[in-house]
Structures are given as structure tokens and as C-alpha cells.
Amino acid sequence: MEEVRIQKHDRSVSFRVATDAGEFIVFDLSLSSPTRNRTLYSGKEFSLAWAAAEAVLGEIAVPDELLKFATTA
């Protein structure tokens, strides 16, 4: 499993890639989010996972560490 933590202003997400399963998992790490609602996406579509991350952070560029997954989606 690979993990990239991304922060913008006072919001942050954990973008995890379960490489063996080909699954993307996005967690809202922001303290303002209730713990029961922190999993924003779990599935096999990078574009949907990235959209979930941007829903928290606003529009941002895909980090270099995740580009290899973005181009295979």
C-alpha cells in the first residue's frame, strides 16, 4: 500500500493506493470532519478518487507520486 498525504490550507486528505487490489482509498484527515464520514472514496477509478480528494481540498494538481496511477486510469 502506498500513501500520499496532501494538505491545502487547513484541510488534508490521505490518498492511499492498494496496489495489489488496484484500489484507491481517500480519507478526509481534517479535524473538522466527523470521524464517521472520513472515508470519501474506495474503489478502482482514479478519476473518482481524485474528485473526492478535490472535494475536500479544492482544485489541485495531481502530485508526482500519483501521476503513474492517473495516466493508467
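Accessible areas are taken here from the Shrake-Rupley method with a 1.4 Å probe. On that basis, the protein, which is a predicted model, exposes about 4600 Å². Carbon and sulfur atoms supply 50% of this exposed area. Turning from the surface to the interior, buried residues account for 37% of the 73 residues in the protein.

A good way into the fold is to follow the chain from its beginning. The protein contains four strands and two helices, and from the N terminus on these elements come in the order β-β-β-β-α-α. The radius of gyration is 11 Å, close to the 11 Å that the globule rule gives for 73 residues, so the protein is as compact as a globular protein of that length. Along the principal axes, the C-alpha atoms fill a box of roughly 30 × 25 × 15 Å. Contacts along the chain add to this picture: of those between residues at least 6 apart in sequence, 31% join residues at least 24 apart.

The strands can be taken in turn, beginning with β2 and β3. Strand β2 covers residues 11-18 and strand β3 covers residues 23-28, and the two pair in the antiparallel sense over six bridges. Within this pairing, Phe15 stands opposite Val26 in β3. The hairpin that β2 and β3 form has four residues between the strands, and Gly22 takes a positive phi near 65° in this hairpin.

Strand β3 has a further partner in β4. Strand β4, made up of residues 39-43, runs antiparallel to β3, and four bridges join them. Here Phe27 is the residue to look for, as Phe27 stands opposite Thr39 in β4. Strand β3 is thus a helpful landmark for the reader, since its pairings include six bridges with β2 and four with β4.

Beyond the strands, the helical part of the chain offers another residue to visit. Gly58 lies in the loop between α1, which spans residues 46-57, and α2, which spans residues 67-70. Is Gly58 buried, partly exposed or exposed? With a relative accessibility of 27%, Gly58 counts as partly exposed, because the partly exposed class lies between the buried limit of under 20% and the exposed limit of over 50%. Gly58 also links the view back to strand β2: Gly58 and Arg11 are 47 residues apart along the chain, and their C-alpha atoms are separated by 9.4 Å.

Finally, the charged side chains can be considered as two sets. The protein has 8 positive and 11 negative side chains. The centres of these two sets lie 7 Å apart.

Notes:
Residues are numbered from 1 along each chain as its sequence is written. This is a predicted model: local features need pLDDT of at least 70, side-chain atom pairs count only at pLDDT 80 or more; totals for chains, interfaces and linings use all residues. Side-chain values use heavy atoms; hydrogens and water are left out. Buried means under 20% relative accessible area, exposed over 50%, partly exposed in between (1.4 Å probe, protein chains only). Two strands pair if DSSP finds at least two bridges between them. The radius of gyration is taken over C-alpha atoms; the globule rule is 2.2 Å times the number of residues to the power 0.38. Contact means heavy atoms within 4.5 Å. Lys and Arg count as positive and Asp and Glu as negative; His and the chain ends are not counted. The place of a charge is taken as NZ of Lys, CZ of Arg, CG of Asp or CD of Glu.
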